[in-house]
Amino acid sequence: RTGGFVYPHAAVPCDERCISAWLEHAGAEIVAAPRRNGPLHICAVVPERQACPACGGPGKAVGVATVRAQLVISLRSVTGEAYFFCPTSDCPVVYFTPDGSQQFTTGRLREQVFQKEPDTSMTLVCYCFQYTLGSIQEANAHTRAQVLADITAGVQAGQCACDVRKPQGTCCLGNVRRVVQSATLEPPSL
């Protein structure tokens with residue numbers, strides 16, 4: 001690691017634009033895989049977070065494989081080497097490229113996105129084991145604990161695929177725990 005970058009020996013500056021990208025994104029991580037026809041270029045360096053071009057909210061780096069797995073459009077349209085996930089609920093953009101030239105909205109995804117549909121009971125919170133927001137909220141405390149235990153056991157058994165099945169591209173347990181905690185704090189409806 002050099003100067004805040006993951007810097008493999010194969011990384012090289014390919015041109016002035018590449019060197020500028022390297023200098024511009026101090027403290028960034030390399031998130032792209034090595035190129036098929038040569039070494040990883042320094043221009044593959046992108047920050048871990050970036051503002052969404054549509055809403056200005058914080059976007060978090062997400063793998064290209066996640067974006068490809070989630071979209072219902074031709075994958076020829078997925079031309080970026082890096083993407084960010086926008087979790088802002090009232091923003092229609094789900095994925096965007098660092099330069100904002102590509103923006104994929106909720107209507108172009110295979111699944112509803114939990115962060116974009118936080119009040120829709122049929123929205124999945126756990127995409128691998130199919131737990132919906134409503135099923136967790138409507139469950140009693142014992143069942144909610146069983147949901148957490150079931151997901152944890154599945155993760156430990158290597159049965160999850162959050163990196164491609166969940167639009168956010170990361171483990172769902174944090175979101176599930178927040179929903180369980182919120183449901184535990186809400187008074188029962190009469």
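Two strands are said to pair if DSSP finds at least two bridges between them, and the strands themselves (E, at least two residues), like the helices (H or I, at least four), are DSSP runs numbered from the N terminus. The structure described here is a predicted model, in which local features need pLDDT of at least 70 and side-chain atom pairs count only at pLDDT 80 or more, while totals for chains, interfaces and linings use all residues. Residues are numbered from 1 along each chain as its sequence is written, and side-chain values use heavy atoms, with hydrogens and water left out.

## The chain as a whole

The chain holds six helices and nine strands. Of its 190 residues, 39% are buried, a word that stands for under 20% relative accessible area, whereas exposed stands for over 50% and partly exposed for what lies in between (1.4 Å probe, protein chains only). The accessible surface of the chain comes to about 10600 Å², and 52% of this surface belongs to carbon and sulfur atoms; such areas come from the Shrake-Rupley method with a 1.4 Å probe, and for residues only the protein chains shown count as cover. Where contact means heavy atoms within 4.5 Å, 49% of the contacts between residues at least 6 apart in sequence join residues at least 24 apart.

## An open sheet of five strands

Five strands form an open sheet with antiparallel pairing, in the order S3-S4-S5-S6-S7. Strand S3 (49-51) and S7 are the edge strands, each of which pairs on one side only. On average, and with direction ignored, neighbouring strands of this sheet are turned by 35° against each other, where the axes are lines fitted to C-alpha atoms (for helices over the stretch in contact) and angles run from 0 to 180 degrees between N-to-C directions.

The table follows the sheet from one strand to the next, with the bridges that join each pair.

| Strands | Bridges | One pair of facing residues |
|---|---|---|
| S3 and S4 | three | Arg 49 and Lys 60 |
| S4 and S5 | three | Lys 60 and Phe 85 |
| S5 and S6 | two | Phe 84 and Phe 96 |
| S6 and S7 | three | Phe 96 and Gln 103 |

Lys 60 therefore appears in two rows, since Arg 49 stands opposite Lys 60 in S4, and Phe 85 in S5 is the bridge partner of Lys 60. Strand S4 covers residues 58-62, and another of its residues, Ala 61, stands opposite Phe 84 in S5.

Two of these pairings are hairpins. S3 and S4 form a hairpin with six residues between them, and Gly 56 in the turn has a positive phi of about 80°. S6 and S7 also form a hairpin with six residues between them, and there Gly 100 in the turn has a positive phi of about 75°.

## Two phenylalanines within the sheet

Rings of Phe, Tyr and Trp (its six-membered ring) pair if their centres lie within 6.5 Å, and planes under 30 degrees apart count as stacked, over 60 as edge-to-face and the rest as tilted. By this rule the count comes to three aromatic pairs. In one of them, the rings of Phe 84 and Phe 96 have centres 5.5 Å apart and planes at 20°, so the pair is stacked. This pair links distant parts of the chain, with Phe 84 in strand S5 (residues 83-85) and Phe 96 in strand S6, 12 residues apart. Both Phe 84 and Phe 96 are buried.

## Loops beside strand S6

Is Thr 97, in the loop between strand S6 (93-96) and strand S7 (103-105), buried or exposed? Thr 97 counts as buried because its relative accessibility is 4%. Its side chain makes a polar contact of 2.8 Å with the side chain of Asp 99, a polar contact being a pair of N or O atoms within 3.5 Å; within protein, one atom must be able to donate a hydrogen and the other to accept it, and residues adjacent in sequence count only if both atoms are side-chain atoms. When neighbours within four places in sequence are left aside, Thr 97 is in contact with Gly 80, Ala 82, Tyr 83, Phe 84 and Gln 102.

Asp 90 is found in the loop between S5 and S6, and with a relative accessible area of 67% this residue is exposed. Asp 90 and Gln 115 are 25 residues apart in sequence, and their C-alpha atoms are 9.2 Å apart in space.

## A buried residue in helix H6

Asn 175 is found in helix H6 (residues 173-185), and its relative accessible area of 5% makes Asn 175 buried. The side chains of Asn 175 and Arg 178 are joined by a polar contact of 2.5 Å. Not counting residues up to four places away in sequence, Asn 175 touches Phe 114, Gln 115, Val 125, Lys 166 and Gln 168.
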